[in-house]
Amino acid sequence: MAKKRRTLSRASSGDLLPEKRQRRPKQKQPFLTQFISSRGNEYFCEIDEDYLTDRFNLTGLNTEVQYYQYALDLVTDVFDLDCDDEMRETIEKSARHLYGLVHARYIVTTRGLAKMLEKYKKGDFGKCPRVMCHSHPLLPMGLSDVPSTKPVKLYCARCEDIYNPKSSRHAAIDGAYFGTSFHNIIFQVYPALIPAKSAERYVPRVYGFKLHHAAALVRWQNNQRDDMRRRLRKMDVESGFKDGDGEGEGDDDDEVEDDEELGPDDFDAAEVGALVQATAGTVA
Ligand SMILES: [Zn+2]
């Protein structure tokens with residue numbers, strides 16, 4: 001029976017609608033369509049039916065998901081069980097969990113990567129909140145591959161840092177539904193997508209003067225970065241920075257040189273504070 005319905009739904013889902021309505025008055029849409037289109041599930045892509053129905057891809061998941069067989073039937077739209085609402089809700093919850101776990105496997109396949117790439121290009125996962133990343137699109141990622149450990153985070157390839165999703169709906173999604181590798185694999189498969197590393201940095205200032213400790217630290221960090229880039233260039237290793245960005249030509253380095261001319265290295269926060277007070281006194 002299940003097989004017959006499956007073939008029917010493949011042949012033409014339109015013809016099957018009246019029958020479905022009769023059998024399951026509450027379920028207007030197939031689970032998959034409903035899941036993908038519901039609010040809060042924007043990070044998920046639609047898994048191909050072929051992938052979902054290949055048992056090999058689901059290896060080991062039967063022990064992870066409660067009511068596995070019913071959940072799988074629901075996901076693949078062959079669910080055919082008369083049960084009360086409570087049971088139905090439990091099975092739907094299991095089906096959502098199952099979909100998430102298969103999703104983590106699917107998005108690292110060629111098809112899955114291509115689908116997630118489209119979503120990435122559209123900015124479906126949001127933009128980097130860091131000002132100097134200039135709204136670079138983000139990718140969803142997990143901090144663990146074990147389900148129910150950590151919620152999903154968003155990765156920015158430009159600053160190579162991770163962020164919490166803005167919406168609470170997204171922040172509640174299990175990180176294991178995306179996994180710890182997808183966001184790195186996508187750049188291995190599509191190396192042209194790797195953005196130039198961000199060399200721009202925020203420099204703390206008080207009325208235009210850099211704070212002594214912060215300025216000294218920034219200069220040390222910039223020197224370390226430039227040393228590393230020189231070493232990598234000598235070894236012919238791609239550093240990921242754009243040529244000419246930073247390294248003596250960038251804004252930061254210029255600013256540090258300006259400092260040396262002006263000599264505010266000798267300023268510290270307290271001195272600047274005193275200066276500000278003195279200036280304020282003069283003005284008043
Ligand atoms: Zn960023």
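Start by selecting Asp 77, which sits in the loop between H5 and H6. Bear in mind as you click around that this is a predicted model. Colour by backbone torsion if you can: the phi of Asp 77 is near 65°, a positive value for a residue that isn't glycine. Is Asp 77 buried or exposed? It counts as buried, because 21 C-beta neighbours fall inside 10 Å and the cut-off for buried is 20 or more.

Now hop to Tyr 67, in the loop between helix H4 (49–53) and H5. Its phi is positive too, near 50°, and again the residue is something other than glycine. The surroundings of Tyr 67 give it the label partly exposed, with 18 other C-beta atoms within 10 Å.

**The H5 and H6 pair**

Next, show helix H5 (68–75) and helix H6 (85–106) together. Two packed helices are described by the angle between their axes and the distance between the axes. Here the angle is about 75° and the axes are 8 Å apart, which means H5 runs roughly perpendicular to H6.

Which residues make the meeting? Put sticks on Tyr 70, Ala 71, Leu 72, Leu 74 and Val 75 from H5. Then do the same for their partners in H6: Ile 91, Glu 92, Ser 94, Ala 95, Leu 98 and Tyr 99.

Centre the view on Ala 95, in helix H6. Ala 95 is buried, with 24 other C-beta atoms within 10 Å. Setting aside neighbours within four places in sequence, Ala 95 is in contact with Phe 31, Ala 71, Leu 74 and Val 75. Try a distance label to Tyr 70 as well: the two are 25 residues apart in sequence, yet their C-alpha atoms are 8.0 Å apart in space.

From there, step across to Val 75. With neighbours within four places left out, Val 75 is in contact with Phe 31, Leu 32, Leu 52, Ala 95, Leu 98 and Tyr 99.

**The nonpolar core**

Time to widen the selection. The largest nonpolar core has 42 residues, and those touching the most other members are Ala 71, Leu 74, Val 75, Ala 95, Leu 98, Val 102 and Ile 107. Which elements supply at least two residues each? Among them are helix H3 (31–37), H5, H6 and H7, along with S2 and H9. H6 gives the largest share, 8 residues. Try colouring by domain, too: domain 1 (2–106) and domain 2 (122–193) each put at least three residues into this core.

**Over to H9**

Select helix H9 (residues 182–189) and pick out its buried residues, Phe 182, His 183 and Ile 186. Look down the axis: these residues cover an arc of only 100°, which puts them on the same side of H9. An α-helix has 3.6 residues a turn, so residues three or four places apart point the same way. What covers the buried residues of H9? The cover includes helix H7 (110–122), strand S1 (139–141) and strand S2 (153–156).

**Zoom out**

Finish with the whole protein in cartoon view, showing 12 helices and 5 strands. Buried residues make up 25% of the 284 in the protein. Taking contacts with a separation of 6 or more, 62% are between residues 24 or more positions apart.

How values were computed. Residues are numbered from 1 along each chain as its sequence is written. This is a predicted model: local features need pLDDT of at least 70, side-chain atom pairs count only at pLDDT 80 or more; totals for chains, interfaces and linings use all residues. A residue is buried if 20 or more other C-beta atoms lie within 10 Å of its own, exposed if 12 or fewer, and partly exposed in between; C-beta atoms are placed from the backbone. Helices (H or I, at least four residues) and strands (E, at least two) are DSSP runs, numbered from the N terminus. The arc is that of the directions from the helix axis to the C-beta atoms. Two residues are in contact if their C-beta atoms, placed from the backbone, lie within 7 Å. A nonpolar core is a set of buried Ala, Val, Leu, Ile, Met, Phe, Trp, Tyr and Cys residues joined through C-beta atoms within 7 Å. Domain bounds come from an automatic or database domain assignment. Axes are lines fitted to C-alpha atoms, for helices over the stretch in contact, and angles run from 0 to 180 degrees between N-to-C directions. Angles under 35 degrees count as roughly parallel, over 145 as roughly antiparallel, 65 to 115 as roughly perpendicular and the rest as oblique.
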